[in-house]
Each structure stands twice: as C-alpha cells, then as structure tokens.
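Please read the following structure as a tutorial in interfaces, burial and salt bridges.

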Amino acid sequence: MATSTTSARLGEGRGGPPAKRGGDGTGRRRGALLHRLDVKGAPYAFVAPFFVVFAAFSFYPLVYTSWISLHRVELATLDVMEWVAFDNYVELWNDSRFWNALGNTITIGVISTVPQLLMALGLAHLLNYRMRGSLFFRVASLVPYATSVGAAALVFTMLFERDFGMINWALGAVGLDPVDWEADKWPAQIAISTIVIWRWTGYNALLYLAAMQAIPADRYEAAAIDGASRWKQFTHVTVPGIRSTIVFTIVLSTIGATQLFGEPLIFGQGPNGVAGGADNQYQTLGLLLYEEGWKNYQMGRSATVAWAMFLLLVLVFVVQRLIRRLRVTRTS
Amino acid sequence: MSTESLPVRTDTPARTSERRTPARGGRRLLRQGAGRQHHAGPLTYVLLAVMAVLSIFPLYWTMVAASTDNTRVSQTPPPFLPGPNLFDNLARAWDEAAMGKAMINSTIVAGVIALSTVFFATLAGFAFAKLRFKGRNILLMLVIGTMMVPPQLGVVPLFMMMSELGWSQRLPAVIFPTLVSAVGVFFMRQYLAEALPDELVEAGRVDGAHSLRIFWSIVLPVARPAMAVLFMITFVHAWNDFFWPFVVLDMTNPTVPVALTQLSAGYIRDQSLIMAGALLGTLPLLVMFIVFGRQIVSGIMAGAVKG
C-alpha cells in the first residue's frame, strides 16, 4: 500500500496554527482536565462500537443458543419456551439424520479443503515466478472469489447436469460413462466440493503468495549452496517458511467447511434442497440446522445442531493440536 | 454475517514494531540482488493459463447459456458460443426474480455494511495501534478471538431477536449484525501501526488537538488506501453473503443471492433464465473487479499472514 505518499499528504490535513487558549487560569485548568479525560477516555470510546455490536449480535446469541437448546420452542410461537432439559440432545444423538449430516460435513469438508489448499500452494508457487502478465493471472485467479455462492452453485449445478451437462458430455467425449452427479452420494459430494474449491483456491493462493514473498532470499541461497533441487527448496524452504499462513488457512477453511450451507442447498434445486438429496446423501449440518428450525419449526432442536457444530469445531482443533504436539515431541 | 473473513496477519503486536519499513526495503533489495525469483518458463505460463481458463470459464459459460434459448442449452454438444437471446433472458430474469428490488437491497446492504465496517475498523484500529490505554492487549486478543466464532452458531437466537424487534424480512436485520468486523479492526491496526508515524500523532497532541480531531485530520488521510481496500473486500463479502439473509429475508424483499435461489426453485427449470439471473447477480462485482482488480489483489496480499 502507498505508505510513501501518506506523509506528504498529511500536511494538508492538519490545518493552520493551534487555536488560542484562554489566557486566564481557570480556562487552562479546565482545558487540562478535558485533555486528560480525552487522552484517557477516547481510546475506549474508539473501540467501543466494535465491542457493543459484537456483544449484542454475536456473543449474546452464541451464549443464548445453549439456553434455547434446553427448551422446546416452535417457530410460530417464539415467545413460548418450554423447559425440556437435555431431551433435544438425546433425540439428536438417537437421530440417524444427525450422524449422516455429521459424516457428510466431514467428508465434504475433507474433499473440498485438502485439494483446495494443495492447489492454492501450487498456484502460489507458479505466481511467485517473475513473469509477464502476473497481474492478469492474479486477478484471473481471484475472479471466482467475486462470485456469490448462489451464482457459482447455479452454474456448476448445470455443468454437472446428468443428461446435458457439459461435464458428462466431456466424459463421453473421452469414452467414459456419464455420472449421475446429483443422485449418487460420492459424485454429489465431489460436485459440491468442486464449487467450494473453485471459489476459494485463488484467494488462498494469494495469501500464500504474500507469505512466500516475505521469505528471506538467503534461505534459498543456503539451500542452493547445499545442492538442494528446486523441489527440495520448495519442500524445505518455501513450505516451512509460510507455515503460519498455512495453519491460518486451515483454520479458516475448517470453520467454513463446518458451516457449509449454500452450495449443497442450491445444488439440491434451491430452497427445497434442505434435505440434501433424495437420500440426504449430501445434507450437511448447516442444512440440518435450517431444516429443523425453519422447515420443521423446532428452534430448540435447531439450536442443538448449532451446539453440535461448535463441538465439532472444538474437536477438530483439539485433534490438530494433539497431532502437532505429538510431531514436535517425536522430532525433538 | 459473513462466514468468510478477510486475511490478516496473526503475528503478535510486539513483532510488528521491529518490522518497520526500512527493514522491509532492505529485504527487498537483498532479494533483488540475489535474483532469487526465477523467471517463469514456458511450462509455468501454460499451467497458469490453464488455471486462468478454469477460473474464468464457468463465468463465460454463464454468459453463453444466458444468451441462448432453453432447447439449445440442453443439446449435446453444449453451446460454446454466445447466442442471440441475451437481453431477452436478462429482462425475463430481472422480472421473475425481483432482480431490480434485489439489486437495490444488495447495494444498500453491502454499501452500509462496508461504510460502517471501514469507519469503525479505522477508529478502533487507530486506538489499538497508536493510543495507550489499560487493557489494550487483552481487548486486542478478544478482537482476534472473535474471528474464530462462526456466525451460524448464534443464528437461532439472532432470528428470535429480529422477530422481537420487528425486523424480520427487513434490511436492518441483515445490516445490524454485520456493522463491525473483527478482521477489519485487525487489518486497520496492522496497517496503521506501520503507516502512521507516532510523531505525527504526538505533533497533533502538542498542537492541542483532541483525539477525535487527530483521528479526523491525521489518521483518516493516512489510512485512506487501506480503507479503500477494506471497503471493497467488505462490499464483496456483504454482497455475496448467503446464509443469514436467506434465513431472515423472504422472496418479497430479497438480496441478490436470496433472489437467485428463487430462480432454481421451480419444477420446470428454465436454464437460460437461471443463468441470466446468475449473470445479473455477478455483474456488478465483476465490473468492480475489472476496474479495481489490482487494488483488491494487493489488499488481500497486504493483509496476509507473513512468514
């Protein structure tokens, strides 16, 4: 960003000489008091809007979710809450749709996140070469990011269409049988993952590229002197060099994958797609949450699904931590 | 309530002060001197061209499908070149999906959210970067912590709140929960910590300016480039946000992504019409990308986690 121009621009902003203070003592004392108040109080006033809005519309609802999940609440009568203790949780535990949705969320999450981040890594490596038209390639790879879930999912639903979709046509052209992308479990999950991968690969690649450009050159030189090949340099210098960015994208993608909603919904033909296919073969936890609350009118049960999503996230991060710790102790 | 957040640097505040501009400039010199960035070979260009085609093709094909009629779309081989019906289909999609209303709604929602996010993020980012106050580090950690909270978890109570407030099916229900963003605050903090010299703030104090005046006359001009980037990125996210608007709005008063679901809901799927709608919904952002592509790319990269 244009840091260099900023100091030049500052002159215009500050305006003329300081305003004259009152000559008498009381004015000065009052001024000093105001000044102290300003210096002490202003920072809090500046950060307050963020915390107020966040507390009201994010934190409070988050906590209140757990309270609602202990009640029976119907969509039509939101003010009537009937205490049912852990009934919602017990029912959810015994509900095969929940385990199905949990499984789908995990499998779709894995087959969309892993290839996405690997491809982003490769793309970032390519973009890191010195070349003509690098801006074009960067913007081009970011174009899918400008597309809404709605538009992207609609287009891919058509491309994956069974009878006249372009992908089946292309498969036919190379002599393969057409795939029923919507009706079969794995093809449907792959198709949904494709939408996610398409939208987010370029974005993640740019994050990696930025981190790659901050790796000091001497590390590459040292590796080259040691006789490391390009591939060795990539795996031993580049990848470790951007480790914290990789962890960051894994965290973001995991959170995104846990909440996957729009892609499967639209892939299942719009607002009626909350079932996630005829056999719920691609119903995610996000869809189940919506189905319980806004199709079955059971807000309490919907809140229980939200809690399950939260626990899933916590579990993923605990497991990730454990793996990391195990690896550290093994290497040391 | 966007589930997709901005990239941010997650390094600790202490480290950033060491990485001032001189060190960076030195590093850049070093890199150029060493000639570490290899020149791209033909294979790199080929692979990147393939990636570019894969990125752009679905959008190109949206346009192709939107410009043909339904029978042509469902023939094999599928059409690869635009047909004559683009404007007919766009007009039909405009009517059937309430696109006019949806566009106005989305513009209002994304515009207000982006403006308020940028303003409050700059305000808070300035305080975190340059002002001393008790509990600053704890509050900053809180801001970072909130980035990890997925909005879907609070959606049931939020919906109940909105219906109590009488905001269901109305735009405030979409706007208010997203007026601020933790990522935005952190993004501005990181930018101002580097771009705004302490001496400038102090000079303002010596001149007797109060904090708000310093913010207005000194911080805002410095922050302008970062604010522009944050505005665009927030606008894209707010425009594309789907889950919460879908839950809280209905088809009588939708945003663009919500209106698009209407198109695919029918039993007989008019594919050209659907694609025309998808194209309409994407067009404003595509124009923005073509005009401001460089800034958006550099903004995302500037905010990324380094090292």
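The dialogue below takes these topics in turn.

Q: How should the model and its numbering be read?
A: This is a predicted model, in which local features need pLDDT of at least 70 and side-chain atom pairs count only at pLDDT 80 or more, whereas totals for chains, interfaces and linings use all residues. Residues are numbered from 1 along each chain as its sequence is written, chains are lettered from A and ligands numbered from 1 in the order in which they are written, and side-chain values use heavy atoms, with hydrogens and water left out.

Q: What is the area buried between chain A and chain B?
A: The size of an interface is often given as the accessible area lost when the parts come together. Buried area is that loss, found with a 1.4 Å probe and summed over both parts. Here the area is about 11,200 Å², and carbon and sulfur atoms give 75% of this. Chain A brings 114 residues to the contact and chain B 127 residues, where contact means heavy atoms within 4.5 Å.

Q: How many salt bridges does the rule find across the interface of chain A and chain B?
A: A salt bridge requires a side-chain nitrogen of Lys or Arg within 4 Å of a carboxyl oxygen of Asp or Glu. The rule finds one across this interface: Arg205(B) meets Asp38(A) at 3.7 Å, N to O. Over all chains, the count comes to 13.

Q: Which parts of chain A does the salt bridge between Arg301(A) and Asp95(A) tie together?
A: Helices are DSSP runs (H or I, at least four residues), numbered from the N terminus. The closest N and O atoms of Arg301(A) and Asp95(A) are 3.6 Å apart. Arg301(A) lies in helix H14 of chain A and Asp95(A) in the loop between helix H3 (87-93) and helix H4 (96-127), so the pair ties together parts that are 206 residues apart in sequence. Both residues belong to a network of salt bridges that also includes Glu91(A), Arg97(A), Glu291(A) and Glu292(A).

Q: Is Asp95(A) buried or exposed?
A: Buried means under 20% relative accessible area, exposed over 50%, and partly exposed in between (1.4 Å probe, protein chains only). Asp95(A) is buried, because its relative accessible area is 14%. Thr304(A), placed in helix H14 (residues 299-331) of chain A, is also buried, at 1%. By contrast, Arg92(B) is partly exposed at 32%; its side chain meets that of Asp270(B) in a salt bridge of 2.9 Å, N to O.

Notes
Buried area is the accessible area (1.4 Å probe) that two parts lose on being put together, summed over both. Helices (H or I, at least four residues) and strands (E, at least two) are DSSP runs, numbered from the N terminus.
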